Amino acid sequence: FPLALQVKNKAPAEVQITAEQLLREAKERELELLPPPPQQKITDVEELNDYKLRKRKTFEDNIRKNRTVISNWIKYAQWEESLKEIQRARSIYERALDVDYRNVTLWLKYAEMEMKNRQVNHARNIWDRAITTLPRVNQFWYKYTYMEEMLGNVAGSRQVFERWMEWQPEEQAWHSYINFELRYKEVDRARSIYERYILSTALVLVHPEVKNWIKYARFEEKHSYFAHARKVYERAVEFFGEEHMDEHLYVAFAKFEENQKEFERVRVIYKYALDRIPKQDAQNLFKNYTIFEKKFGDRRGIEDIIVSKRRFQYEEEVKANPHNYDAWFDYLRLVESDADAATVREVYERAIANIPPIQEKRHWKRYIYLWINYALYEELEAKAKRTRQVYQACLELLPHKKFTFAKMWLLYAQFEIRQKNLPLARRALGTSIGKCPKNKLFKGYIELELQLREFDRCRKLYEKFLEFAPENCTSWIKFAELETILGDIDRARAIYELAIGQPRLDMPEVLWKSYIDFEIEQEEYEKTRNLYRRLLQRTQHVKVWISFAQFELSAGQEERLPRCRQIYEEANKAMRSCEEKEERVMLLESWRAFEDEFGTNATKERIDKLMPEKIKKRRKLQAEDGSDAGWEEYYDYIFPEDTANQPNLKLLAMAKLWKKQQQESEAAAMDPDKDIDESQT
């Protein structure tokens with residue numbers, strides 16, 4: 001095998017040649033250009049005939065090779081036309097039409113040849129054949145009518161247009177016919193064409209679009225036939241009806257009336273359209289109505305437009321989400337400020353019809369305010385009878401077995417009170433307590449009877465209330481306060497005794513404080529002391545001890561200071577076993593403040609010795625998963641009494657001090673040079 005050639009240098013050449021560069025050089029050198037053929041000069045008839053023969057033979061050969069290429073036929077006919085051989089050119093065009101009679105260019109070139117050579121009848125013949133063969137090609141009709149008009153044959157051009165209109169062509173064809181008639185001042189003919197353009201004689205729709213009606217009306221307006229124009233607009237409104245309303249028609253109608261200075265008509269047209277056209281399709285209508293009112297309306301009219309626009313926005317919001325009660329509130333606020341009572345009532349009915357789908361109170365909290373606002377509106381604006389119906393309908397709607405709204409019952413009762421119908425108010429509140437008792441209902445009913453000074457009813461209601469919620473300390477206190485106001489101290493004390501005897505209370509400290517304050521107010525100091533002792537049997541809270549001591553101090557008796565000091569002594573002994581050292585510190589600080597004001601030097605020194613020492617300590621923290629979370633510092637208190645009772649603490653402190661001294665001596669023995677340096681220093 002021969003050895004393959006090895007290329008030693010594979011680096012790219014220094015000068016790179018691209019394909020574009022090669023083409024550019026070839027163009028510059030004109031390597032592919034052929035010299036032009038020599039010009040042939042014909043000097044006699046024989047040479048001319050010979051040239052014609054050769055040329056015709058060439059064209060015929062091209063046609064014979066591919067008959068469907070229409071450009072060859074057209075070139076052939078145009079060459080014959082250039083030689084003024086019109087008859088031969090006609091023959092070529094006719095032969096071409098036999099091949100492809102649907103070719104538009106062929107017909108156009110044929111007719112143009114006849115028109116150039118002023119062969120009018122031939123041209124008419126060709127156009128007639130063209131529009132008969134291809135009636136949907138608008139170019140033929142345009143050329144034909146234009147030729148007849150240029151020749152001054154108006155009647156012939158009109159006849160062609162009439163033939164064209166029978167085919168019900170596109171919109172532009174009708175406008176061309178109308179413009180043709182207007183060029184010759186034939187307004188009545190143009191009007192009749194518009195009528196056919198809008199509706200045929202048999203009421204068959206040709207072009208029943210809104211813009212065509214508007215063009216018809218503007219045509220009448222342009223020629224100062226204002227009554228006709230108004231009639232066209234009215235016919236259009238009637239024709240399209242309410243099912244196919246279009247804002248563009250009403251905008252055009254309103255602008256026409258505005259030009260005629262008929263401002264009330266304009267306002268009626270806009271309002272009629274806005275009330276019937278879907279809001280999403282009336283943006284342009286709103287805009288034009290606003291502009292009109294700003295130009296010609298008063299302040300009230302402009303406000304009406306703004307209100308209508310906002311009403312449209314709210315309608316869209318509540319349509320998108322009927323349970324968007326905030327949108328309903330805004331919508332109702334708007335209609336209440338502007339609309340009549342019937343409209344407001346209708347919107348309220350639509351709003352309250354959107355009942356929350358889930359019977360959970362959190363979903364009803366916004367909804368119930370629709371009923372409340374509805375009832376208040378009816379009471380303020382309408383009659384009381386409808387207000388009562390609203391309240392009753394709402395209360396029937398609520399699922400009282402699952403939840404209720406005490407506010408609704410109370411508002412209903414207050415409404416009946418305002419109507420001076422006390423039995424209905426009591427019946428409503430009694431029904432509410434029977435169906436769905438709640439603290440708020442009891443309080444509202446009791447408040448009502450208190451205002452009416454019906455104290456026996458209040459007592460009965462408090463009894464029912466406490467049977468329903470015996471753990472409610474506030475109710476016990478209010479009941480006792482009522483008896484106190486009425487002067488029945490024994491009943492009040494008995495109520496307090498029943499209250500503190502309950503096994504479960506929500507705020508027992510408030511109840512005990514109220515009971516103690518009651519006894520202090522009655523100056524029953526011995527009973528107050530007994531109450532404090534009973535309370536201390538239940539709890540050893542530091543605030544109770546401090547309150548007890550302050551009571552003894554404020555009792556106003558001669559032995560108040562020894563009694564107060566004795567209470568502090570008892571509290572200090574009782575608090576020694578308390579784990580919360582801060583509470584014990586609080587007690588001692590209160591005791592020291594007492595001794596600073598009323599005590600002697602000996603008692604002050606004694607209390608100072610009882611005060612604890614505050615020290616800082618560290619303790620290890622653990623995370624929720626049990627891992628180490630570092631250390632934290634905290635303050636602890638060491639009381640002298642606890643130290644004296646625990647001698648081991650002192651021994652432990654001495655042991656820690658000895659250990660520290662030992663560590664210091666060992667460190668000094670390990671580093672003697674340091675001692676020398678320190679001594680030299």
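Are Arg90 and Glu114 buried or exposed? Arg90 is buried, and Glu114 is buried as well, where buried means under 20% relative accessible area, exposed means over 50%, and partly exposed lies in between, with a 1.4 Å probe and protein chains only. The model is a predicted one, in which local features need pLDDT of at least 70 and side-chain atom pairs count only at pLDDT 80 or more, while totals for chains, interfaces and linings use all residues. Residues are numbered from 1 along each chain as its sequence is written, and side-chain values use heavy atoms, with hydrogens and water left out.

Arg90 and Glu114 also form a salt bridge, their closest N and O atoms being 2.6 Å apart; the term stands for a side-chain nitrogen of Lys or Arg within 4 Å of a carboxyl oxygen of Asp or Glu. This pair links distant parts of the chain, since Arg90 belongs to helix α4 (residues 86-99) and Glu114 to helix α5 (residues 104-116), 24 residues apart. Helices are DSSP runs of H or I with at least four residues, numbered from the N terminus. Side chains of opposite charge can pair when their charged atoms come close.

Helix α5 takes part in another such link, in which the side chains of Glu112 and Lys143 meet in a salt bridge at 3.9 Å, N to O. Here too distant parts of the chain are joined, with Glu112 in helix α5 and Lys143 in helix α7, 31 residues apart. Glu112 is partly exposed because its relative accessible area is 25%, and Lys143 is partly exposed with a relative accessible area of 31%. Helix α7 (residues 138-150) also holds Thr145, which counts as buried because its relative accessibility is 4%. Leaving out residues up to four places away in sequence, Thr145 touches Ser157, Val160 and Phe161, a contact being heavy atoms within 4.5 Å.

A salt bridge within a single helix is found in α2 (residues 45-65), where Asp50 and Arg54 lie four residues apart, about one turn of the helix. Their side chains meet at 3.2 Å, N to O. Asp50 is partly exposed, with a relative accessible area of 39%, and Arg54 counts as partly exposed at 39% relative accessibility. Lys57, Asp61 and Arg64 are linked in a network of salt bridges, and a search of the whole structure finds 28 salt bridges.

The nonpolar interior comes next. A nonpolar core is a set of buried Ala, Val, Leu, Ile, Met, Phe, Trp, Tyr and Cys residues joined through side-chain atoms within 4.5 Å. The largest one has 92 residues, and those touching the most other members are Trp328, Leu370, Trp371, Met408, Leu511 and Leu587. Helix α17 (residues 325-338) gives the most to this core, with eight residues. Apart from this core lies another, of 76 residues, with Ala130, Trp213, Leu249 and Leu285 among them.

Trp371 can be followed further, for its contacts beyond four places in sequence are Ile352, Val390, Ala393, Cys394, Leu397 and Met408. One of these, Val390, is placed in helix α21 (residues 384-397) and counts as buried because its relative accessibility is 6%. Val390 and Trp371 are 19 residues apart in sequence and 7.3 Å apart in space, C-alpha to C-alpha. Besides Trp371, Val390 touches Tyr374, Ala375 and Glu378, again not counting residues up to four places away in sequence.

Key. Helices (H or I, at least four residues) and strands (E, at least two) are DSSP runs, numbered from the N terminus.
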